[in-house]
Amino acid sequence: MTVSIISENGIAVVTIDNPPVNALSQALRQALVEAVAKLDADAAVKAVVLICAGRTFIAGADVSEFGKPPQPPHLPDVVATIEGARKPWVAAIHGSALGGGLEVALGCAWRVAVASASLGLPEVKLGIIPGAGGTVRLPRLIGPAAAVELVTSGSPVDAKKAEGLGLVDAVIEGDLLAGAIAFANGAAGKTRPEPISSRAVVPVEAGFWEGAEKAVAAKAKREAAPLRALASVRRASETDFASAMAFERETFLDLRGSQQASALRHVFFAERAAPRPPELAGITPRDVRSAAVIGGGTMGAGIAAALRDAGLPVILIERDAAAVERGLANVKAIYDGSVKRGRVTQAIADARMAGVAGSGDYGLLADTDLIIEAVFEDLSVKRAVFEKLSAVCRPDAVLATNTSYLDPDAIGEGIAHPERFLGLHFFSPAHIMKLLEIVPTGTTAPDVLATGFALARLLGKIPVRAGICDGFIGNRILKVTRAQAERLLLSGATPAAVDAAMRAFGLPMGPFEAQDLGGLDIAAFQRKAARERGETPFAPVADRLCALERYGQKTGGGWYDYQPGDRAPKPSDTVAAIIAEAAESRAQRAWDEAGIVDAILLPMVNEATCILEEHVALRAADIDLVKIHGYGFPRWRGGPMHYAEGRGLSEVVAVLDRLAADGLAEPPSDGLRRAAKAGGFSVLAG
Ligand code: 3HC
Ligand code: NAI
């Protein structure tokens with residue numbers, strides 16, 4: 001970390017260089033306080049420009065310090081020191097001014113930014129609120145309504161919008177440093193604006209706070225930080241600066257040690273570690289400048305859209321002319337939806353669509369860099385596709401399968417140059433869902449595996465490496481979720497009670513509602529394949545429902561009944577009768593929400609532990625990312641593995657032992673018992 005100061009013609013330039021993102025470490029905070037003292041004492045200096053080296057302005061407090069006791073100088077004091085400096089400071093912003101970074105900028109007399117800069121207070125996304133005056137200065141600068149939006153959403157705004165809000169004083173065209181120095185020179189002769197801390201807050205309309213509270217609560221659901229942030233902005237708008245600062249700091253310190261903040265920090269670092277697994281360090285991925293997708297159904301169309309959104313030209317191959325038309329129509333439907341939802345403009349949608357070439361001719365793939373297969377889930381159909389690809393594609397083209405459950409090693413048998421083949425498992429809808437499971441086969445070359453990770457980065461997805469097993473990481477755990485949900489039904493719970501308990505835990509949907517939405521036939525197909533392999537999947541009620549062709553919403557009934565045109569699930573007498581029959585002679589009990597959640601979640605953790613032990617997943621945090629980004633597990637719970645560690649693995653073992661004794665779950669695995677003894681999953685990680 002360095003903070004350098006140079007002065008010329010009365011303007012001092014303070015440059016922060018603290019890679020990677022100029023986070024406000026203790027050393028940097030100290031250096032800033034010292035810079036203020038030094039420049040205050042320099043009679044030749046009229047004004048100060050604060051600028052950062054590297055890719056960004058200060059991106060915030062140093063999140064890695066949050067687990068430890070705060071060290072002085074504390075950030076609120078640093079900001080106050082800059083605000084109180086004898087020489088006015090100008091923040092010169094490029095990249096991101098986030099969290100503590102924006103708070104430092106609010107201590108400056110002026111803020112200028114390049115047009116590509118973004119400014120925001122993302123603290124709520126880390127389960128905390130701004131802790132250095134963000135909630136107190138912002139309403140004084142831009143008014144309470146705009147401050148509430150910025151602080152409670154955590155979403156940044158670009159420089160132009162910030163200028164409109166009064167958050168930025170000037171947007172600089174061209175070189176930032178030169179522009180900022182020119183601005184400082186112009187400003188040095190003028191009256192310095194009143195410090196933000198001394199300004200009054202403009203009054204709000206009657207009922208404003210009550211309305212804001214309702215809106216924020218509805219969006220935050222069970223996340224604590226957004227409402228606490230709102231309370232802090234409100235306090236700042238209704239009381240003097242010093243008491244508001246004290247209230248903000250107290251809330252910040254309280255939340256910093258909370259379970260939600262710890263979970264969100266865990267996910268923050270897991271997401272940043274995921275794209276760069278240490279085992280692939282130094283391996284250069286292959287170049288991917290063009291792509292093709294084989295199969296234009298649900299997944300193929302979504303994958304094609306994801307590739308187009310990342311700027312790659314795409315060839316979409318289907319079986320015949322009619323299927324090509326259907327495939328292209330599927331991609332177009334995705335873009336029509338994106339335009340309708342305001343995600344892209346019609347012009348962008350048209351340009352993306354124009355970059356998809358549909359065809360039945362594999363010969364077009366002779367020079368394509370990456371080909372992803374998404375045809376029917378049938379081994380012989382997939383093998384036939386790869387046979388054709390082997391004949392036409394360049395030997396270094398990367399070939400991938402999007403299979404859900406089939407063995408990629410079996411799919412890839414006979415492929416020419418098998419080192420360029422791997423599994424890339426997308427999640428539906430593929431252009432939206434963030435998770436990408438990357439599955440190396442026995443023959444995948446390291447640079448091809450690295451290409452999978454590079455592709456994820458290009459597509460803005462979270463990559464997780466998964467070993468080969470039935471369902472890889474996510475769907476293997478999903479099988480346990482479903483089996484446990486059915487065990488609950490056979491022992492006294494109803495579908496509605498199970499779904500309600502899982503929603504109360506924080507999932508967007510319970511397991512039965514989710515199956516009705518996605519269709520029960522997909523899992524039935526997978527169970528059929530498992531039985532053909534001699535396995536005995538447990539789904540006594542689901543099997544009966546499928547026999548009655550109750551596949552979910554699309555057939556008017558599944559685990560629930562649906563009225564035509566209405567997606568609201570209604571408890572079903574038919575299903576209740578099937579459950580009663582299947583449950584005959586089994587012990588019944590009264591289930592409460594906590595008991596239901598334990599009976600579903602802890603067996604998932606048990607399965608996930610086997611996945612770790614078998615090195616199907618390399619890190620517990622990867623499993624958390626899979627559940628969060630592929631299955632809607634609440635981010636603020638940190639994922640199932642983080643949740644289990646927080647709960648205490650010995651307690652998890654004890655609950656599983658009790659469930660197993662009643663025949664309601666598998667007993668804890670040896671690995672889980674070992675992890676419990678060691679106090680964490682790291683003992684199992686590969
Ligand atoms: N503290 C510590 N490390 C951080 C960090 C932070 N605030 N922000 C990013 N990093 C690290 C990442 O862990 C990563 O480390 P690695 O290379 O060792 O994996 C590295 O910086 C690069 O991060 P990204 O991969 O995310 O880089 P990008 O260029 O894609 O994105 C960014 C840059 C937009 C700045 C993004 O990193 C980001 O959004 N960071 C978080 C910003 C944030 O949340 N700030 C608020 C912090 S809380 C706060 O300020 C409290 C205050 O009110 C008191
Ligand atoms: P789908 O049935 O919607 O689409 C399959 C498409 O492949 C059809 O359009 C069909 O015409 C085409 N096709 C079949 N044989 C072909 C061939 N020889 N050449 C070219 N095209 C051919 O199926 P869906 O749901 O898109 O699934 C595709 C694959 O993705 C399967 O392996 C599935 O297991 C997997 N998958 C599915 C997920 C889902 O949620 N639907 C999630 C993740 C993976």
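**Arg265 and the meeting of domains 2 and 3**

The domain assignment of this predicted model gives domain 1 (3–257), domain 2 (288–465) and domain 3 (474–684), with bounds from an automatic or database domain assignment. Local features need pLDDT of at least 70, side-chain atom pairs count only at pLDDT 80 or more, and totals for chains, interfaces and linings use all residues. Residues are numbered from 1 along each chain as its sequence is written, and side-chain values use heavy atoms, with hydrogens and water left out.

Colleague: Why is Arg265 said to have no salt bridge?

Modeller: A salt bridge needs a side-chain nitrogen of Lys or Arg within 4 Å of a carboxyl oxygen of Asp or Glu. The nearest side chain of opposite charge, Asp62, is 9.6 Å away, so Arg265 has none. Arg265 is also buried, that is, under 20% relative accessible area (1.4 Å probe, protein chains only).

Colleague: Which residues is Arg265 in contact with?

Modeller: Leaving aside neighbours within four places in sequence, they are Val63, Phe66, Gly67, Leu126 and Arg256; contact means heavy atoms within 4.5 Å.

Colleague: What makes about 1100 Å² the area buried between domain 2 and domain 3?

Modeller: Buried area is the accessible area (1.4 Å probe) that two parts lose on being put together, summed over both, so the about 1100 Å² is that loss for domain 2 and domain 3. Carbon and sulfur atoms give 66% of the area.

Colleague: How many salt bridges does the rule find across the interface of domain 2 and domain 3?

Modeller: Zero.

Technical notes. Chains lettered and ligands numbered in written order. Buried < 20%, exposed > 50% of the residue type's maximum accessible area, 1.4 Å probe, protein only. Lys, Arg positive; Asp, Glu negative; His and termini not counted.
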